[in-house]
Amino acid sequence: YMIAKEGEPHNKTGPNLTWAQVSDHTYPNTNERGYLLEVNASNEKGQFYEHKIDNLCSGTTLLFTAWINNVLVPVLSHNVNQIFILEDINGNCIVESHTGDSVNGNVGWKQYGCTFKVPEGISSLILRIINNGAGSGGNDFALDDIEIRLCTPSVDINISKNIICQGEKGKLTAEYTDDGTYGNQIEGA
């Protein structure tokens, strides 16, 4: 694997086999910001990433997402395929999400993820990413923007004027439907 930036040289895996030049998902076409993880995956299926996430609130609904880009061109026989697992510190699976096969040669960022609820009494989780694709000659990918964030109800914001110039005052109002995410947890709102 390598941590890469836009414009840096990328891996060459053999004669006439190259990785596509990919930009960081968040900050494309600039080498001033952003890094991504490029993986020359093993011939064998297995875990390649693990991270502990602390200070979670029990009972909260969260969204897990990650962006994956298939980097090997030309098309070869082994597809990119990952499994995302979130488990408690005792190894009990909370949620498991599969990307399915991504055909090699189809370069482009695609977001994968799922929602889950943090079980009562749990404040830490372990994120594991498993390479579920096997074989050499393919199965190479880039990974970017791994996020776990709070699922909240949508908020509609209204502005009193269509255009507010610098130095002018405007009024913002917002409305949301209380699905329990905010209502019982915000005091004095």
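How many aromatic pairs does the count come to by the rule applied here?

**Entry 1: aromatic rings.** I worked from a predicted model. I looked up the aromatic pairs and noted that the count comes to two. I then examined one pair, F64 and F84, whose ring centres are 5.0 Å apart. Their planes stand at 55 degrees, so I recorded the pair as tilted. I kept both values because a pair of aromatic rings is described by the distance of the centres and the angle of the planes.

I next located the two residues along the chain. F64 belongs to strand β6 (residues 61-70), and F84 belongs to strand β8 (residues 82-87). The pair therefore ties together parts that are 20 residues apart in sequence. I also checked exposure and found that F64 and F84 are both buried.

**Entry 2: a sheet containing β8.** I traced an open sheet of four strands in the order β5-β11-β8-β9, and its pairing is antiparallel. The edges are held by β5 (46-53) and β9 (93-98). Each has a single partner strand, so one side of each is left without a neighbour in the sheet. From one strand to the next, I noted an average twist of 15 degrees.

I followed β5 to its pairing with strand β11 (residues 125-131), which is antiparallel and runs over seven bridges. In this region, I found Q47 opposite I130 in β11.

**Entry 3: the surface.** I looked up a nonpolar surface patch formed by I157, I159, I164 and L172. Together these residues have about 400 Å² of accessible area. I placed I157 in strand β13 (residues 155-159). I157 has a relative accessible area of 58%, so I entered this residue as exposed.

Conventions:
Residues numbered from 1 in each chain as written. Predicted model: local features only at pLDDT ≥ 70, side-chain atom pairs only at ≥ 80, totals over all residues. Heavy atoms only, no water. Patch = residues over 30% accessible without salt bridge, like charges linked within 9 Å, V, L, I, M, F, W, Y side chains within 5 Å. Areas by Shrake-Rupley, 256 points an atom, 1.4 Å probe, with all protein chains shown as cover. Salt bridge = Lys/Arg side-chain N within 4 Å of Asp/Glu carboxyl O. Helix = DSSP H or I, 4+ residues; strand = E, 2+ residues; numbered from the N terminus. Buried < 20%, exposed > 50% of the residue type's maximum accessible area, 1.4 Å probe, protein only. Phe/Tyr/Trp six-rings, centres within 6.5 Å; stacked < 30°, edge-to-face > 60°. Pairing = 2+ DSSP bridges. Axes fitted to C-alpha atoms, helices over the stretch in contact; angles between N-to-C directions.
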